Amino acid sequence: MNDLSSPNWNHLDRRDGPAVEGETGNAPKQRPRARRRWGGRLFALGGLASLAGSLSLGAWGQYSQQRQTIATAQQERDFAPSVRVATVAPSPGTMSVTLPGTTAAFADANIFARATGYIAKRNVDIGDQVKQGELLAKLAVPEIDDQISQNEATLSQLKSALEQAEASLKLAQVTWSRDEPLVNKGWATQQQGTVDVQTVKERGAGVAVAHQNVTAQESLVNQLRQNRDYASVVAPFDGVITQRNVDVGSLVQGNVTGGTFMFEIMQNDVIRIWVYVPQDAAFGVAPGVDAVVRVPELPDREFRGKVTRIADAQQSGTRTLLTEIDLPNPDGALRSGVYCTVEFKIPRKTPSFVVPSEAIIFNRNGLQAAVVEDGKAEIRKVSVTRDLGTQVEVGAGVKAGDRVILNPPVTLTDGSKVLLEDSKAQPHPATKVEPRPATTPAPRDPAAQSDGVG
């Protein structure tokens with residue numbers, strides 16, 4: 001009972017005895033366990049040191065990158081690119097415009113038959129040069145000849161009838177002159193006097209009718225003779241025969257509506273040029289404007305002239321103005337219907353400026369140009385009126401004397417500092433150029449490098 005109820009102190013001493021060194025004889029066996037505890041603590045301290053080093057290295061790297069980014073941004077903000085510029089010049093007082101044109105004869109006539117008959121003689125063919133009044137063809141018109149002979153005979157009859165009426169009038173007048181004294185003295189009756197007076201009036205009216213008949217017949221004979229003259233077809237002006245539609249023996253009709261088309265003649269000593277000028281240049285075109293005509297097939301010749309006349313009304317469909325130029329053509333070098341180009345020297349109605357094509361910026365904001373003002377770029381919108389290839393004409397946005405940047409950088413913005421290429425050795429006074437910082441990685445923390453924790 002005592003063994004079961006009392007505690008076993010010896011058992012407790014064996015389990016917990018090594019807790020105090022020197023109390024028992026087992027102390028030498030407990031020292032390795034204490035070393036292991038101190039080693040764990042040292043390992044934990046080493047891990048903390050390694051973690052602190054890593055955090056320090058990360059913070060230092062981030063700080064270095066932030067400094068580098070700020071320095072780069074500052075340098076880019078203060079960096080002034082070297083640019084080439086060109087000075088804007090005003091456009092000339094006259095505008096040179098080259099347009100296609102067509103040559104035409106100064107005068108062109110289609111010769112139709114006015115008399116009906118057969119071609120008895122033809123004197124010209126296509127390409128023949130003729131003079132005004134020269135005989136082109138002779139028609140045989142026997143019907144008209146017969147009509148002329150018949151009406152001339154009728155005219156002779158009417159003239160004889162006129163002479164007869166005049167003789168009867170003279171007889172009536174003589175009779176009345178004799179009977180008048182007798183009637184007045186009562187020796188002849190009043191009836192006789194009345195008869196004599198009325199006879200004189202009747203014979204006078206007969207003479208007037210005969211005169212009118214003669215006049216009418218003479219007009220008919222003249223008309224027939226005129227128709228007979230139409231049998232001789234002559235040239236209306238100096239020119240060249242460009243078309244022939246009849247030959248000897250051909251029957252031609254002389255009616256007004258369906259007359260036979262015989263010849264076409266063109267006046268070629270003066271050539272007319274037809275040009276349709278578009279609206280952007282039409283307001284400066286007027287008679288007297290200089291023009292130079294060129295034909296591709298005659299590369300070594302230029303034909304100079306002036307605007308002679310304009311239509312003074314633009315065509316609603318094409319918005320163009322018909323313009324004509326008269327050119328002397330004494331040697332016949334120009335022909336009708338030839339394609340040519342016409343260069344006009346048109347006075348400008350509105351001012352414009354010449355800008356190099358390299359200075360034009362095209363983006364979503366439209367057409368722009370960068371102008372240098374006080375060492376800074378000023379982006380302006382421009383309106384291009386004409387494209388001349390290496391140059392453009394600008395109507396608004398710039399003025400004469402402005403310096404525009406050629407081939408501006410894509411990073412150029414409004415207000416960016418720039419250096420002119422001829423002065424790039426001396427930076428702009430408002431620009432401070434600093435060397436770009438190195439982009440190599442920052443060195444690691446020495447404490448982290450000396451840490452042997454691996």
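In the predicted model, Ser 352 is placed in the loop that links strand E14 (339-347) to strand E15 (353-356). Despite this position in a loop, Ser 352 has a relative accessible area of 7% and is therefore classed as buried, the cut-off being under 20%. Its side chain takes part in a polar contact of 2.8 Å with the side chain of Ser 91, and a further polar contact, of 3.2 Å, joins the side chains of Ser 352 and Arg 348. When residues up to four places away in sequence are set aside, Ser 352 touches Pro 90, Ser 91, Glu 393 and Val 394, so that Ser 91 appears both as a polar partner and as a contacting residue of Ser 352.

Strand E15, which bounds this loop, belongs to an open sheet of four strands arranged in the order E2-E15-E20-E19, with antiparallel pairing. The edges of this sheet are occupied by strand E2 (89-90) and strand E19 (383-387), and because each has a single partner strand, one side of each is left without a neighbour in the sheet. Strand E19 is joined to strand E20 (residues 391-396) by four bridges, the two strands running antiparallel; within this pairing, Val 384 has Val 394 of E20 as its bridge partner. Val 394 is also among the residues touched by Ser 352.

A second open sheet, likewise of four strands and with antiparallel pairing, has the order E7-E6-E4-E9. Here strand E7 (232-234) and strand E9 (251-252) stand at the edges, and since each is paired with a single strand, one side of each lacks a neighbour in the sheet. The antiparallel pairing of E7 with strand E6 (residues 135-140) extends over three bridges, and Val 234 in E7 is the bridge partner of Leu 135.

At the level of the whole chain, seven helices and 22 strands are found, and 30% of the 454 residues count as buried. Among contacts with a separation of 6 or more, 75% are accounted for by residues 24 or more positions apart. The chain exposes about 29,100 Å², of which carbon and sulfur atoms supply 53%. On this surface, Leu 42, Leu 45 and Leu 48 make a nonpolar patch of about 340 Å². Leu 45, one of these residues, lies in helix H3 (residues 31-78) and counts as exposed because its relative accessibility of 54% is over the 50% cut-off.

Note on methods:
Residues are numbered from 1 along each chain as its sequence is written. This is a predicted model: local features need pLDDT of at least 70, side-chain atom pairs count only at pLDDT 80 or more; totals for chains, interfaces and linings use all residues. Side-chain values use heavy atoms; hydrogens and water are left out. Two strands pair if DSSP finds at least two bridges between them. Buried means under 20% relative accessible area, exposed over 50%, partly exposed in between (1.4 Å probe, protein chains only). Contact means heavy atoms within 4.5 Å. Accessible areas come from the Shrake-Rupley method with a 1.4 Å probe; for residues, only the protein chains shown count as cover. Patches are made of residues with over 30% relative accessible area and no salt bridge: like charges are joined within 9 Å, nonpolar side chains (Val, Leu, Ile, Met, Phe, Trp, Tyr) within 5 Å. A salt bridge is a side-chain nitrogen of Lys or Arg within 4 Å of a carboxyl oxygen of Asp or Glu. A polar contact is a pair of N or O atoms within 3.5 Å; within protein, one must be able to donate a hydrogen and the other to accept it, and residues adjacent in sequence count only if both atoms are side-chain atoms.
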